[in-house]
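User: I am new to this structure. Please show me how to read a sheet and a pocket.

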Amino acid sequence: MNGKFPCTWYPIGFSAELAKKPLKKKMVGRDVVLFRNKDGAAQAVYAYCPHRGADLSLGCVRDGKLTCAYHGWEFNGEGSCLHIPSQPDKPVPKFAHTEHYPVMERAGLLWIYPDSNIPPDSLPPLQLFEELENQEYVLAPYESFWKAHFTRVVESVLDVVHLSFVHKDSSVHLDD
Ligand code: FES
């Protein structure tokens with residue numbers, strides 16, 4: 001984790017996006033792959049296989065385990081390799097382990113915490129605006145890629161006054 005981003009819960013995608021296939025996302029500059037375990041719980045691991053570096057999102061989920069497309073190594077939600085098809089009777093080597101990250105689902109979103117070493121009982125609570133979980137409100141999915149630090153994006157979106165000055169073609173004009 002670099003110092004450019006605060007360590008906190010980040011919404012990384014919509015729960016509905018995560019079905020049977022692994023889902024690749026970028027979290028504070030790091031590629032991660034999400035998948036669902038046997039119980040349907042969302043899991044997140046570092047995106048590249050500790051064996052030869054293949055992109056784990058190109059693999060599949062088999063019996064709740066993330067399976068690498070290159071040589072079929074199978075990983076659980078803790079990032080541990082449980083099975084190597086080419087040597088099924090040998091112990092799994094120590095290096096066959098990738099980082100995993102805490103994930104939770106709330107308000108129809110996948111939330112991830114970017115510290116792979118934090119003990120579960122030290123995780124801070126996820127605090128949400130209550131409207132996010134109020135069924136009388138609708139969460140409207142919207143995605144856009146901005147080439148900017150996310151704090152600039154949040155700041156800009158909250159600053160509606162600048163619209164009529166900077167985006168003159170927008171429909172918001174203070175003097176209307
Ligand atoms: S690169 Fe993933 S199993 Fe070989």
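Analyst: We take a sheet, then the largest pocket. Keep in mind that this is a predicted model.

User: What holds the strands of a sheet together?

Analyst: Strands of a sheet pair through backbone hydrogen bonds, in a parallel or an antiparallel way. Here, an open sheet has three strands in the order β1-β10-β9, and the pairing is antiparallel.

User: Which strands are at the edges?

Analyst: β1 (10-14) and β9 (103-106) are the edge strands. Each of them pairs on one side only. On average, neighbouring strands of this sheet are turned by 35° against each other, direction ignored.

User: How many bridges join β1 to β10?

Analyst: Four bridges do, and the two strands run antiparallel. β10 covers residues 109-112. Take Phe14 as an example: Leu109 in β10 is its bridge partner.

User: Now the pocket. How much space lies in the largest one?

Analyst: About 2000 Å³. Its lining has 37 residues. Pro11, Ser144, Phe150, Val153 and Val154 lie nearest the centre.

User: Which strands and helix supply at least two residues each of that lining?

Analyst: β1, β2 (23-27), β10 and α1 (150-158) each do. So β1 and β10 turn up again, after their pairing through bridges.

User: Which domains does the lining draw on?

Analyst: Domain 1 (10-118) and domain 2 (144-176) each give at least three residues to the lining of the largest pocket.

User: What kinds of residue line the pocket?

Analyst: The lining divides into 26 nonpolar, six polar and five charged residues.

Note on methods
Residues are numbered from 1 along each chain as its sequence is written. This is a predicted model: local features need pLDDT of at least 70, side-chain atom pairs count only at pLDDT 80 or more; totals for chains, interfaces and linings use all residues. Side-chain values use heavy atoms; hydrogens and water are left out. Axes are lines fitted to C-alpha atoms, for helices over the stretch in contact, and angles run from 0 to 180 degrees between N-to-C directions. On a 1 Å grid over the protein atoms alone, a cavity is a set of points where a 1.4 Å probe fits but cannot get out, and a pocket is an open set with protein on both sides within 12 Å along at least five of seven lines; lining residues have an atom within 4 Å of a point. Grid points are joined across faces, edges and corners, and a volume is the space filled by probe spheres set on the points. Ala, Val, Leu, Ile, Met, Phe, Trp, Tyr, Cys and Pro count as nonpolar, Asp, Glu, Lys and Arg as charged, and the others, Gly among them, as polar. Domain bounds come from an automatic or database domain assignment.
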